[in-house]
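Reader: I would like to understand how the descriptive words used for a structure follow from its numbers. Could you take my questions one at a time?

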There are 2 protein chains.
Amino acid sequence: MPKIAQNRILENQRRIETAALELFTKQGFHGTNIREIAEHAEVSVGAIYTYYPTKEALYVTLVRNYKAHMEQLRDQMFSSLEDIFSKSDLKKFTSEIRGYVYNHAEFWLLMYIDAIEFKNQHFAEWFHNMPEQFRSRLGPVLSKAKRQPGWCGQDPAFAFATIYLHVITYFLIEKLLQGNRHLGVSDEQAMDKFIQLLSGGLWSSHETRSLKSRSNGKAPVARRKMPRVLSMTS
Amino acid sequence: MPKIAQNRILENQRRIETAALELFTKQGFHGTNIREIAEHAEVSVGAIYTYYPTKEALYVTLVRNYKAHMEQLRDQMFSSLEDIFSKSDLKKFTSEIRGYVYNHAEFWLLMYIDAIEFKNQHFAEWFHNMPEQFRSRLGPVLSKAKRQPGWCGQDPAFAFATIYLHVITYFLIEKLLQGNRHLGVSDEQAMDKFIQLLSGGLWSSHETRSLKSRSNGKAPVARRKMPRVLSMTS
DNA sequence: GTTCAAAAAACGAGCGTTCGCCTTTTATTA
DNA sequence: TAATAAAAGGCGAACGCTCGTTTTTTGAAC
């Protein structure tokens, strides 16, 4: 029984999915037709239906494949983190996220496409419970940070999720939404300023303002004998 | 010469644009057809072409109208800010951004649609030079913050832009991308923790780590005699 | 009767999918 | 070993439907 070379089949599928990705992220799912995909992939329309029962099946397959790839990249990115909240590691981390966004802009556009044209069906859990995702991957590193003198007392997983989402957003705006240096500085400067801002906080030396209850119920105010700043009366 | 009531025309246009917005943000621009819009608006297909020369003209008109509305809302939101970086004002501000996102989810979906199906043509400047936008609207308030004792020394416009974008991102993920309490806590708790984190910083009492140059050139390192954490050697 | 808005029908092009045919590859048989 | 048959991949046209837009018809107002 004759059988076409297996890698010929895989090569055709790769070319079809690459062409589909490029066109879907340029025009949307419904804005792209099968004839264009076939032309870009240099196969016939009929050949596409050899591998994928429907146009939507092609979309679903490429989304699933890309998600798996991105999850792997994310885990690799995390595995190199050690002194997670030090400025040097934060700087390195933001640089890695930059690549994670800039080199895979099409992936993030797929997420937008899915939100609009597929009710976010295929990315529904992508952002779920991020602190817990980070604890399971970075548990020891996060615990280590928490034990260090000077740590702010916040949940390190929450802090890390905050940094991660903020940095991704920054690069998404720059890459996909024509941010065009939307914070008025270069990427590197924006990350440096963000790291400084987050490391030191808005207010220095415990001169925090309008302090009320703490979210974690533990209020280590007894350790601080700084005189309170007068409330605003103007 | 007979003439339809002017407000009847406006009412028809309002109904057409409302139906178009609802369907575009549910299915995408190309995933929505004129017949569906007509049905939802309870007008005929022909009537739509009375008011809009093309389907795309309808889209452009509704985007332009919604942007104007959102810019007005944003200015209103900013006008109530006084002690901008105090915890109480930050809390109030995040609550207002929550409404700005949750009550106008369709607007943000329009932004995604535009990025995918129209190469971000109609939102190209939405995020441009945000710190400068904030300085022009909140100059006095930002300057006031900068002069207060304990201020971190950062550019207040940059800090405010950072807060603004982070909070919008949080609510966009919750509302459009099924975040489903993606930071593991409620909206209010997430905002409280974020405000605390940003106010106090990751590290307290100037026990900052891996400190090198400061972006503003002023490095008060002389006050800190803490021994350095050993560098990684693994 | 005239004018205008709106409805409904029609038009021509484009769409996703299927079908018939061709080519290539391998197995079978003489 | 060569010829033939069978199977599978692939191509391109065709099908039936949908699409955006235009045209024709209808209804209302004056």
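Reader: Where is Ser199(B) found, and what makes Ser199(B) count as buried?
Author: In this predicted model, where local features need pLDDT of at least 70, side-chain atom pairs count only at pLDDT 80 or more and totals for chains, interfaces and linings use all residues, Ser199(B) is found in helix H9 of chain B. Its relative accessibility is 1% and buried means under 20% (exposed is over 50%, partly exposed in between, with a 1.4 Å probe and protein chains only), so Ser199(B) counts as buried. Residues are numbered from 1 along each chain as its sequence is written, and side-chain values use heavy atoms, without hydrogens and water.

Reader: Which residues is Ser199(B) in contact with, leaving aside its neighbours within four places in sequence?
Author: With contact meaning heavy atoms within 4.5 Å, Ser199(B) touches Lys87(B) and Leu90(B) as well as Gly201(A), Leu202(A) and Trp203(A).

Reader: Why is H5(B) called oblique to H9(B)?
Author: Helix H5 (residues 87–102) and helix H9 (residues 187–200) of chain B pack at an angle of about 135°, with axes 10 Å apart. Angles under 35 degrees count as roughly parallel, over 145 as roughly antiparallel, 65 to 115 as roughly perpendicular and the rest as oblique, and therefore H5(B) is oblique to H9(B). Among the residues making this contact are Lys87(B) and Leu90(B) of H5(B), and Ser199(B) of H9(B).

Reader: How do you know that the two copies are related as by a two-fold rotation axis?
Author: A turn of 180° and a shift of 0.0 Å along the axis lay chain B on chain A with an RMSD of 0.1 Å, so the copies are related as by a two-fold rotation axis.

Definitions and conventions. Chains lettered and ligands numbered in written order. Axes fitted to C-alpha atoms, helices over the stretch in contact; angles between N-to-C directions. Helix = DSSP H or I, 4+ residues; strand = E, 2+ residues; numbered from the N terminus. Least-squares fit on C-alpha atoms with pLDDT ≥ 70 in both.
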